[in-house]
Amino acid sequence: MRRPGLITTTVADYLWRNISNLGVKTVFGLPGITTLPAMEAMRQLGAPEFVVTRHEQCAGHMADATARLGAKLGVLLVDLGPGLANTLTSALAASRDSSPLLILAGQEHQSLIGREVWHEMPEITVFSPMLKFCERVESAEAFPRLLDQALRFAMSGRKGPVLLSVPKNIWEQEVRSPLKPFAAGFLPSPGEAAMVKTVSLLRKSRRPVVVAGGGGRNPEASKAIRAMCERWNLPVVTSPNGRGALSEEHPLCLGHAGRFGQVHASRTLAEADLILSLGCRLDDLTTHNWSLLNPDQTVIQVDIEATMIAQNWPVDLAIVSDAGAFAKKLEEGFEAPLTAFWDLRSRSADRRKERNKFYAIDDEVAVKPQAVMKALETFVGDDHTVVMGGGRFQQFAGEWLVRRSENFFYAANSGTVGFALSAAIGAAITSPERQVICVLGDGDFTMHCQELETAVRTKANVKIVILNDFAYGAMKARQVFSYGTEYGNADFAALAKSFGAEGRRISKGNDIKETVRWLLETSGPALIDVHIDLTENRSLLYGHDIGQKEPASVTKT
């Protein structure tokens with residue numbers, strides 16, 4: 001095979017040519033004195049597009065969202081010190097949900113590093129524990145190798161965030177290296193012995209369940225998991241981050257299990273005699289602090305990353321493999337047993353029936369948050385993405401029916417409040433063909449509401465639904481007497497208009513359908529401020545089961 005020829009160019013130009021070759025069209029970030037040479041190289045090359053945000057954390061969430069919707073990589077460019085420190089939260093969200101994110105940070109001139117000059121911080125010490133790869137570039141000669149390493153760590157195995165810190169005097173130095181396409185690695189697949197043992201354990205089981213995690217979200221894995229489960233008649237529950245691995249309309253899907261999950265899924269996980277975990281860590285969220293697991297269950301854990309296996313619960317069979325590759329091999333290479341497993345189709349139908357009943361609530365006066373979600377579901381198109389924030393309102397928005405993984409995501413494993421608005425804007429910028437809806441609470445929105453300006457400037461067609469209870473509702477719901485959890489709010493509709501977006505308020509139940517229809521039909525960024533009925537008090541403390549209320553013994557004054 002003919003090797004690509006050497007090119008001689010600057011470090012910055014080499015970077016952007018490689019990033020563009022990966023198909024990355026957008027880089028998010030803020031300008032800084034240590035990144036100006038990199039920005040100028042991007043301008044001269046004409047690619048990728050640089051989107052200026054109003055906060056570095058928001059830039060990170062926007063970049064993260066592009067990767068969650070199918071881009072090979074999310075990329076952000078920030079200044080050193082405080083600018084880079086602001087990306088820690090976005091790095092955490094990407095790390096916990098296995099989203100490939102390349103953080104490019106400027107650094108002070110090499111001659112000044114280590115002297116505690118203005119803005120300097122020990123970035124490698126601070127970021128290394130959280131990232132898959134974290135390096136400072138010490139020479140132009142080393143840059144091609146370090147870039148290739150960073151990309152490989154970000155996009156291989158259990159994907160995640162990486163950091164390259166580049167001193168400002170290196171950006172314009174000359175580098176001579178081949179401009180070659182990134183050599184993607186082959187996904188690991190299970191060996192024959194592992195598959196034979198899996199089949200043996202399955203055939204001894206009577207109540208098996210597949211737990212599909214984030215490793216099953218990509219389209220190829222999702223397709224393979226569906227085919228496997230249909231052939232073997234295996235019921236499926238998902239982790240919070242695995243929603244969409246199998247359509248929640250499918251008769252074999254019991255929904256998402258765990259602490260904020262659905263009762264039918266959690267019950268299935270607890271009653272199973274065999275758990276086949278595909279790309280799932282069996283963590284505290286999915287298993288409700290491991291209360292849904294027991295030592296008598298047989299556990300087969302399949303994960304692309306060996307260190308994730310048995311991290312949270314002992315296993316009977318450990319298989320290092322891509323979830324999709326495993327599912328395809330089981331579906332294509334082995335016959336399902338003649339004896340039937342438990343049939344949970346009626347339980348799955350009951351789940352959908354109860355969920356639809358919960359969303360069907362109607363009140364002409366009070367604004368029920370589930371009625372708002374039902375209106376959104378009624379008018380939304382097929383190619384939609386709901387980005388959900390963090391907070392008590394998740395118990396209403398979290399009942400959204402997820403048919404494909406790209407229909408719904410949130411910062412599931414980090415629980416980041418302040419993620420949703422930025423992520424939705426990033427999704428709308430880089431996937432303009434999708435109908436992007438951000439559903440979040442008022443506390444979440446006000447953390448980064450300045451990014452409305454970014455949405456307006458970039459003409460991002462994002463629709464924002466604020467379920468407003470004038471409080472940090474998840475915390476207030478845990479209190480008998482409210483203390484330190486309530487506050488006042490601005491007029492969010494007027495705030496949106498001041499940025500150049502459209503905005504309306506819902507304060508009566510009979511305004512919901514008309515206003516939601518207006519929201520989805522409006523061109524460009526638009527917002528509705530929904531003053532929800534405060535008596536809808538489904539506390540996170542008492543679980544996330546459909547219709548479950550706080551015990552009557554808990555009263556508030």
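# Helices, sheet, domains and salt bridges

Trainee: Against which helix and strands do the buried residues of H5 pack?

Mentor: Helices (H or I, at least four residues) and strands (E, at least two) are DSSP runs numbered from the N terminus, and buried means under 20% relative accessible area, with exposed over 50% and partly exposed in between (1.4 Å probe, protein chains only). In H5, which spans residues 88-96, the buried positions are Ser90, Ala91, Ala93, Ala94 and Ser95. Taking contact as heavy atoms within 4.5 Å, the buried residues of H5 pack against helix H3 (56-68), strand S5 (101-107) and strand S7 (161-167).

Trainee: At which pLDDT do side-chain atom pairs count?

Mentor: Residues are numbered from 1 along each chain as its sequence is written, and side-chain values use heavy atoms, with hydrogens and water left out. This is a predicted model, in which local features need pLDDT of at least 70, totals for chains, interfaces and linings use all residues, and side-chain atom pairs count only at pLDDT 80 or more.

Trainee: Which residue follows H5, and what is its phi near?

Mentor: The helix H5 covers residues 88-96. It is followed by Ser98, whose phi is positive, near 55°.

Trainee: Which strands stand at the edges of the open sheet of 6 strands?

Mentor: Two strands pair if DSSP finds at least two bridges between them, and the strand order of this open sheet is S16-S15-S17-S18-S20-S19, with parallel pairing. An edge strand has a single partner strand, so one side is left without a neighbour in the sheet, and this applies to strand S16 (408-410) and strand S19 (502-506).

Trainee: By how many degrees are neighbouring strands of this sheet turned against each other on average?

Mentor: Axes are lines fitted to C-alpha atoms, for helices over the stretch in contact, and angles run from 0 to 180 degrees between N-to-C directions. For neighbouring strands of this sheet, with direction ignored, the average is 20°.

Trainee: Which residue in S17 stands opposite Val387?

Mentor: Strand S15 (residues 384-388) and strand S17 (residues 435-441) run parallel and are joined by 5 bridges. Opposite Val387, the residue in S17 is Cys438.

Trainee: What angle does the direction of helix H20 make with that of S19?

Mentor: Helix H20 (residues 492-499) packs on the sheet, where it touches strand S18 (462-468), S19 and strand S20 (526-531). The direction of H20 makes with that of S19 an angle of about 175°.

Trainee: How many of the 11 residues of helix H16 are buried?

Mentor: The buried residues of H16 (residues 420-430) include Leu421, Ile425 and Ile429. The helix is largely enclosed by the rest of the structure, because the number of its residues that are buried is 10 of the 11.

Trainee: What is the area buried between domain 1 and domain 2?

Mentor: The bounds, which come from an automatic or database domain assignment, give domain 1 (6-178), domain 2 (192-348) and domain 3 (361-537). The centres of domain 1 and domain 2, taken over C-alpha atoms, are separated by 36 Å, and the contact takes 5 residues from each of these two domains. Buried area is the accessible area (1.4 Å probe) that two parts lose on being put together, summed over both; between domain 1 and domain 2, with carbon and sulfur atoms giving 40%, it is about 490 Å².

Trainee: How many salt bridges are counted between domain 1 and domain 2?

Mentor: A salt bridge is a side-chain nitrogen of Lys or Arg within 4 Å of a carboxyl oxygen of Asp or Glu, and by this rule the count comes to 23. Between domain 1 and domain 2 the count is 0.

Trainee: What N to O distance belongs to the salt bridge of Glu40 and Arg43?

Mentor: The two residues are 3 apart in helix H2 (residues 36-45), so about one helical turn separates Glu40 and Arg43. Glu40 is partly exposed at 32% relative accessible area, whereas Arg43 counts as exposed at 57%. Their side chains meet, N to O, at 2.6 Å.

Trainee: How many residues apart are Arg404 and Asp383?

Mentor: The side chains of Arg404 and Asp383 meet in a salt bridge of 3.5 Å, N to O. The pair links distant parts of the chain, with Arg404 in the loop between helix H15 (394-397) and S16, and Asp383 in the loop between helix H14 (369-379) and S15, their separation being 21 residues.
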